[in-house]
Amino acid sequence: MQYCSTRGGVHGRDFCEVLFSGFAPDGGMFMPEVVPVLSPSTLRSWKGLTYTQLVVEVASLFIPTQLIPRLDLEVLVGEALTGFSVPEVVRIARLNEGLSILELFYGDTLAFKDLAMTCTVRFLNYFLQKQNRTAIVLVGTSGDTGGSAIQSARGLRGLDLVVVYPRGRITPVQEKHMITCLEDNVHVFAADGSSDDIDRPLRHLFADQELVSSQSLLSLNSVNWSRVMVQLAHFIYAYLELSGIEHTQADGGLPELEVVVPTGGAGNIVAGSIVKQMGLPLKLVAMVNSNDIVHRTVTVGDFSKASNVTQTLAPAIDIQDPYNMERLFWLLLARDGATVRNMMEEFQQSHRHSLPENQRRLLSQVLSTGTVTDEGILETMRRCWEENQYVLCPHTAVAVWHHYHCPHSPGLNRCYIATASPAKFQATVQRAGLNFELPEAVLALDKLATRYQNLERSLNWCKDWEDILREKIHSVSSARKTKPCYYS
């Protein structure tokens, strides 16, 4: 299995090279050169596997045994997923009126990103130890990615994390999962801007190939292919559990499953689209909040940023630059790197691109969308509680709104992705007039000391933030060569 860039300028990279990369050198994103196809018999043989076993099977399709032998892969994934608060790692809540919710929030930071993050960090650490090297991870976060990266990698020797979050645009629990970590390898910045603002200086830093190479700089956002790869298992697990495949004949066709996903950066939607190309009959629905660029792209071909990111009750998907859409375009346009490069360069320069109707139609054939207001989020949270005594987080409510407003096709099973626990969004839960008892681990965050550095808004803020982060990267790298502790 080898990997290439979505923009056509890089080919033949192996999993280890891609794992230790951010964006590809030509500005694109890494994808497998060939998407493996799962036969119906293979799918049926996977029915009954645990989630952990399924992740191993999926990862083994994309990681050659020459790089990670099968027994090592089983150990790495097993260790990564042992710290979750339920033994089965993920759960499905089967509620009234066919409402099935795949709960992906049982990790340390109560968000779905813990699943792929813990595995990806284990893969990184495996190669770092094997090669006796160090690396620096640079992460921009809209809320959950930063905390998940920190909790997955805290205290690891050889791996430093530089994390930037949008100050005042995330919940207190999301913030505390980052700033209360005082491990020596964790360096947190609070930026006066949106998550899209943060992406700009980070893109510049990753485009500096000398910096990336000399400092072993890499990304743990869903820019990193490994994150998307592990997320494939979400969709395969949902399919095996909810499609009704066990009721079909071995020589018959596969039943369809509709999967509804709250969408921001579009990493989960790309994972679902890859799973479709692997042979699973999925009907994908991307639900967004008022930051509706994905919805506008699919429905009218308007791939353009709004003038500002709107702050909503679902902050982790307050995104107007869904960078994983580049991967989706590449999949749909028959891996035409030149066309994708032209599209994305126009978008990055002008913040807008109009899809030709034939391309928009291709996109709409594999993806449906909808958009939900803050009032719609609150209404969905209240209704779900009234009918099921089940509390949704606001992001999951963005998806579940679809259940209450879009008629259910007879014979078609549905799955709604729950990306986070309501414990992370207590203010919104209370605003909906509901109560949710906070876990002890969340209550304990209030008593912990904090450490972080502010990135203030200035006239030339993008360049200033880039310079400050560059200096941090250099100082951390230098310190690792001369002294045992950075903070002393």
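The following paragraphs describe the overall fold dimensions and the salt bridges of a predicted model.

The secondary structure of the protein comprises 20 helices and 15 strands. With a radius of gyration of 21 Å, close to the 23 Å that the globule rule gives for 488 residues, the protein is therefore as compact as a globular protein of that length. Taken along the principal axes, the box filled by the C-alpha atoms has dimensions of roughly 65 × 50 × 45 Å. Burial and contact statistics were also computed: 61% of the 488 residues count as buried, and among contacts with a separation of 6 or more, 75% are made by residues that stand 24 or more positions apart. The accessible surface comes to about 18400 Å², and carbon and sulfur atoms contribute 49% of that area. As for the charges, the protein carries 43 positive and 51 negative ones, whose mean positions lie 2 Å apart.

A total of 24 salt bridges is found in the structure. One of them joins Arg457 to Asp197, with a distance of 3.0 Å between the closest N and O atoms. Because Arg457 belongs to the loop between β15 (453-455) and α20 (461-482), whereas Asp197 belongs to helix α8 (residues 195-207), this pair ties together parts that are 260 residues apart in sequence. The two partners fall into separate accessibility classes, in that Arg457 is partly exposed at 39% relative accessibility, while Asp197, at 16%, lies under the 20% limit and so counts as buried.

A further bridge connects Glu258 with Arg414, and here the closest N and O atoms are 2.4 Å apart. Glu258 is part of strand β9 (residues 257-262) and Arg414 is part of strand β14 (residues 413-418), so that the pair ties together parts separated by 156 residues in sequence. Both Glu258 and Arg414 are buried.

Within a single helix, Glu357 and Arg361 form a salt bridge in which the closest N and O atoms are 3.8 Å apart. These residues are 4 positions apart in helix α15 (residues 357-366), and Glu357 and Arg361 are therefore separated by about one helical turn. Glu357 has a relative accessible area of 41% and is accordingly classed as partly exposed; Arg361, with a relative accessible area of 39%, is likewise partly exposed. Beyond these individual pairs, a network of salt bridges links Glu57, Arg70 and Glu74.

Note on methods: Residues are numbered from 1 along each chain as its sequence is written. This is a predicted model: local features need pLDDT of at least 70, side-chain atom pairs count only at pLDDT 80 or more; totals for chains, interfaces and linings use all residues. Side-chain values use heavy atoms; hydrogens and water are left out. A salt bridge is a side-chain nitrogen of Lys or Arg within 4 Å of a carboxyl oxygen of Asp or Glu. Helices (H or I, at least four residues) and strands (E, at least two) are DSSP runs, numbered from the N terminus. Buried means under 20% relative accessible area, exposed over 50%, partly exposed in between (1.4 Å probe, protein chains only). The radius of gyration is taken over C-alpha atoms; the globule rule is 2.2 Å times the number of residues to the power 0.38. Contact means heavy atoms within 4.5 Å. Accessible areas come from the Shrake-Rupley method with a 1.4 Å probe; for residues, only the protein chains shown count as cover. Lys and Arg count as positive and Asp and Glu as negative; His and the chain ends are not counted. The place of a charge is taken as NZ of Lys, CZ of Arg, CG of Asp or CD of Glu.
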